[in-house]
Amino acid sequence: MSDPIDGGTARPDARDAACACASAVAVAACALGLADVALRGRALEPESAAATVLLWAAIAALPALAAGAGAAVLGLALRRRASLSLVAATCTAAGIALAALALASMRAIGTGEAAAGIAAALLALALLPPRPQWMLRAPALAALVLLAAPIAAAGLAVARGGGSAPASTTDPRASAAPARATAAGAKARPNVALIVLDTLRADHLGAYGDARALSPAFDRLAAGGTLFERCYAPAPWTVPSHASLFTGLYPTAHGATFEQHRWLDDRFTTLAEALVAAGYRTAGFAANGHVALANLAQGFETYREIAAPYERLALRRILERVGAPARFTDQGAEQGVVEIDRYLRARDARGDEAPLFLFVNLLEPHWRYLPPARARAAHLPDGVGYLEATLFSSGFYGPLWMARTRAPAPRELAALRGLYAAEVAYQDVRLGHIVASIDRHLGPDTLLVVTADHGENLGEAGRFDHVFAINDHLVHVPMLLRGAGVAAGARDDGPCQLVDVPATVADAVGGLALEPGQSGQSLLPGRTRPRRLAFVEGDPYYGHLERMSVHAGLEADVARFTARLRAAHDGRFKYLVSSRAAPVLYDTQVDPDETRDVGDAHPDVRDALARALDAWLAAQPAYSIEAHLRAAARNGEARGASDEDATFERLRELGYVE
């Protein structure tokens, strides 16, 4: 039998076999991508679904490209003309080039990666014979069609404006808001935007003294507004801190803690509810599933969870371990940029004149510390390899490190801290995009509040994650205000807290009916007497205790992690009371890791803070779970099971639940 392309007798050789197998791999990769989307990604928009298929193909088709190029070089060296298998491999390479173009156009990969793929494909194509017989290219054309189909879908999605809007929860009251706002005269009131940078340590921002240039966007905002140098979260984890942020109550009063039920009672008035009553539109976009699951989304007329669109895809589990473009590995920040801008553009298109309260929660620095590839490579410390850090982070679980007796190696700590810094830097880029969208659609006079719900321990004094402690690495959070009467370029060094946010917004807006008994004070200049002390509470995180007891053999040694913690902080000295240890006094300026008790050296400070803490605790209204249960029985409402299941799965991935 004669091969019309090769010109001689058809004899299978290793070159032909390699090219044929590589082309088959490329076709199989496309099929895997289609199956991944069909089985796990039904909620994806067309553009995202196409990108998923293309990335599967681009990853698994690399052997086809390598085999095609190698076979071409070998063919030239042997002075033989191209075989059918070489044609198939190089046509597959052409498909890879088109895939790279599509991925680059959708910002899934950078232009450099796209250019490299296209150049390699063109090189392989240049080595084809001048007049091959097309009928013999049928297998290659089939592979090329399979690669081109999702590209066409992606182009159609882009032409139609990015596909349909993602599912959201929308309150029917939203349609009545413009008339209500106009009637109340609320048009003159400022828009309000509250951005919570979940798990962000203040000491990793340039405005707070970090010299690594991780946060240019935040630093620019601080230069144009007022930065609060000593702001403290009332608790070290998401639910109680957000509940305090929305109600102005401390955790003891609102009860959204592990010692109660991790749920904000409906009977409390949140900031969003108060603003709705005053004629505001309210919209929330949160990457942390706890916000909705703990009933913290009450009062938002529009609320969306901004998990990355690829959250449930099998491909994501592979990519996030080894590093991949941000589109496939971030924790919702990029999706937040897209959805927030889309919401604001739709608001402009409707001509909606009601003032807006916009809440955003971004989650990038949260464990597992798997930033996108570019940020990961750019911010690892010298001497720590990319693969080494990635493998470490994939298996890292902070509470287990706290439970074990082995001290982490210096390289392990360096990898951990480098990955966290990369997450901070990547999130800052997305923060800049979101603020630019806010300024474009709402105007620079919007009252902008940027803060965090808590920080993160990165091995200081043997502490990891954000559990079992209330040290300053956890509770010292960033806080800045900009616009709506806020002084530009100012810095305030007095203590403030997240509970001050509702009072601050009420001061700027006027006429809000906040939760009775709220503890906050306005942070606007010259309005209220400055806060003298900050108070912090911590309760045991039982979800982690369960996992630690199972995986670290702590069944008989969990008592040391079950302490209830309370502290009074004057901005320098912190007086800490534990239910399982003697009270201590820390000087956080000279001992930021809080390892040395200086109570005997400063007895007057210790005694004054002890009295203040006792008085504060006595004045706090204790939350009653019985009252909550009665209210829940009267309400009788529950979230949809499918929504709750999806949120629970996301929390499991974040390590909150087993």
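**A pocket, a long list of contacts, and one salt bridge**

Let me begin with the second largest pocket, which is lined by 26 residues, and among these Arg463, Phe468, Ala469, Arg560 and Leu565 are the ones that lie nearest its centre. Please keep in mind throughout that what we are looking at is a predicted model. Two elements each give two or more residues to the lining of this pocket, namely β17, which covers 573-578, and β18, which covers 581-587. Of the elements, β18 gives the most to the lining, with four residues. If we sort the lining of the second largest pocket by class, we find 16 nonpolar residues, five polar ones and five charged ones, and the volume of the pocket comes to about 540 Å³.

Now I would like to turn to helix α19, and to three helices that meet it. How do the axes of α17 and α19 cross? Helix α17, residues 386-395, and helix α19, residues 410-442, have axes that come within 9 Å and cross at roughly 85 degrees, and that makes α17 roughly perpendicular to α19. On the α17 side the contact involves Glu388, Ala389, Phe392 and Ser393, while on the α19 side we find Arg411, Glu412, Ala415, Leu416 and Leu419. The residues of this contact between α17 and α19 divide into five nonpolar, one polar and three charged.

The next partner is helix α8, residues 216-223, which packs with α19 at an angle of about 50 degrees, the two axes being 7 Å apart. Helices α8 and α19 are therefore oblique to each other. Here Pro216, Ala217, Phe218 and Leu221 of α8 meet Asp428, Leu431, Gly432 and Val435 of α19, and by class the contact of α8 with α19 has six nonpolar residues, one polar and one charged.

The third partner is helix α15, residues 333-350, whose axis comes within 9 Å of that of α19 and crosses it at roughly 0 degrees, so α15 and α19 are roughly parallel to each other. Among the α15 residues in this contact are Val337, Ile340, Asp341 and Leu344, and those from α19 include Tyr426, Arg430, His433 and Ile434. The contact of α15 with α19 divides into eight nonpolar, three polar and seven charged residues.

Let me finish with the salt bridges, of which the count comes to 20. One pair to find in the structure is glutamate 537 with arginine 566, where the closest N and O atoms are 3.4 Å apart. Why does this pair tie together separate parts of the sequence? Glutamate 537 lies in strand β15, residues 534-538, and arginine 566 lies in strand β16, residues 565-569, so the salt bridge joins parts that are 29 residues apart in sequence.

Key. Residues numbered from 1 in each chain as written. Predicted model: local features only at pLDDT ≥ 70, side-chain atom pairs only at ≥ 80, totals over all residues. Heavy atoms only, no water. 1 Å grid on protein atoms, 1.4 Å probe; cavity = no way out; pocket = protein on both sides within 12 Å on 5 of 7 lines; lining within 4 Å. Points joined across faces, edges and corners; volume = space filled by probe spheres on them. Nonpolar A, V, L, I, M, F, W, Y, C, P; charged D, E, K, R; others polar. Axes fitted to C-alpha atoms, helices over the stretch in contact; angles between N-to-C directions. Parallel < 35°, antiparallel > 145°, perpendicular 65-115°, else oblique. Contact = heavy atoms within 4.5 Å. Salt bridge = Lys/Arg side-chain N within 4 Å of Asp/Glu carboxyl O.
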